[in-house]
Amino acid sequence: MLVLTLIALLLYGMKTSDHVVKEGTLMGTAFGVSFGYWFGATGLVFFLCFISNCAISFFQLLSLVGYGISGHCLTLLLGTLIHPENSHISFYLLWLVFGGLSAATMVGFVMYGICG
């Protein structure tokens with residue numbers, strides 16, 4: 001559900017910024033970015049877990065990275081609503097706080113919950 005929420009937020013952001021896609025549609029771009037991020041990040045984390053010999057399955061990582069998208073969704077929602085036109089500092093602060101907390105949760109779960 002969070003991946004679909006990310007798609008909706010990306011579509012809203014592209015529509016409000018008058019983004020033009022030369023090939024394809026806005027919906028296709030949002031689907032490709034969201035599902036590509038979800039599966040790509042899961043594959044990268046799975047590869048790192050395989051190298052470090054962690055006992056975690058691919059489906060557990062899909063779920064973990066899926067929940068990790070909540071930080072990105074919250075950042076995009078708040079960034080779209082309160083983002084001033086001339087400064088990007090508020091977006092980067094939101095991204096650092098919510099994205100960082102989400103990433104720290106995933107790292108903590110993998111390092112101490114599964115591997116340790």
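1. In the description that follows, helices are DSSP runs of H or I with at least four residues, numbered from the N terminus. By that assignment F35 and W38 both belong to helix α2, where they stand three residues apart, or about one turn of the helix. The model is a predicted one, and the remarks below should be read with that in mind.

2. Searching the whole structure gives seven aromatic pairs. One of them joins F35 to W38 in a tilted arrangement, with 6.0 Å from centre to centre and 50° between the planes. These two residues also belong, together with F31 and F39, to one aromatic cluster.

3. Are the two partners of this pair buried or partly exposed? W38 is classed as buried because its relative accessible area is 18%, and the cut-off for that class is under 20%. F35, by contrast, counts as partly exposed, because its relative accessibility is 26%.

4. Helix α2, which spans residues 26-51, also contains F47. This residue contributes to a nonpolar surface patch formed with L44, L48, F50 and I51, and the accessible area of the five together is about 580 Å². F47 itself has a relative accessibility of 47% and therefore counts as partly exposed.

5. Outside the helices, T25 is placed in the loop between α1 (2-16) and α2. Its relative accessible area is 48%, so T25 is partly exposed. Measuring from C-alpha to C-alpha in the model, T25 and L10 are 13 Å apart in space, while 15 residues separate them in sequence.

Terms used. Residues are numbered from 1 along each chain as its sequence is written. This is a predicted model: local features need pLDDT of at least 70, side-chain atom pairs count only at pLDDT 80 or more; totals for chains, interfaces and linings use all residues. Side-chain values use heavy atoms; hydrogens and water are left out. Patches are made of residues with over 30% relative accessible area and no salt bridge: like charges are joined within 9 Å, nonpolar side chains (Val, Leu, Ile, Met, Phe, Trp, Tyr) within 5 Å. Accessible areas come from the Shrake-Rupley method with a 1.4 Å probe; for residues, only the protein chains shown count as cover. A salt bridge is a side-chain nitrogen of Lys or Arg within 4 Å of a carboxyl oxygen of Asp or Glu. Helices (H or I, at least four residues) and strands (E, at least two) are DSSP runs, numbered from the N terminus. Buried means under 20% relative accessible area, exposed over 50%, partly exposed in between (1.4 Å probe, protein chains only). Rings of Phe, Tyr and Trp (its six-membered ring) pair if their centres lie within 6.5 Å; planes under 30 degrees apart count as stacked, over 60 as edge-to-face and the rest as tilted.
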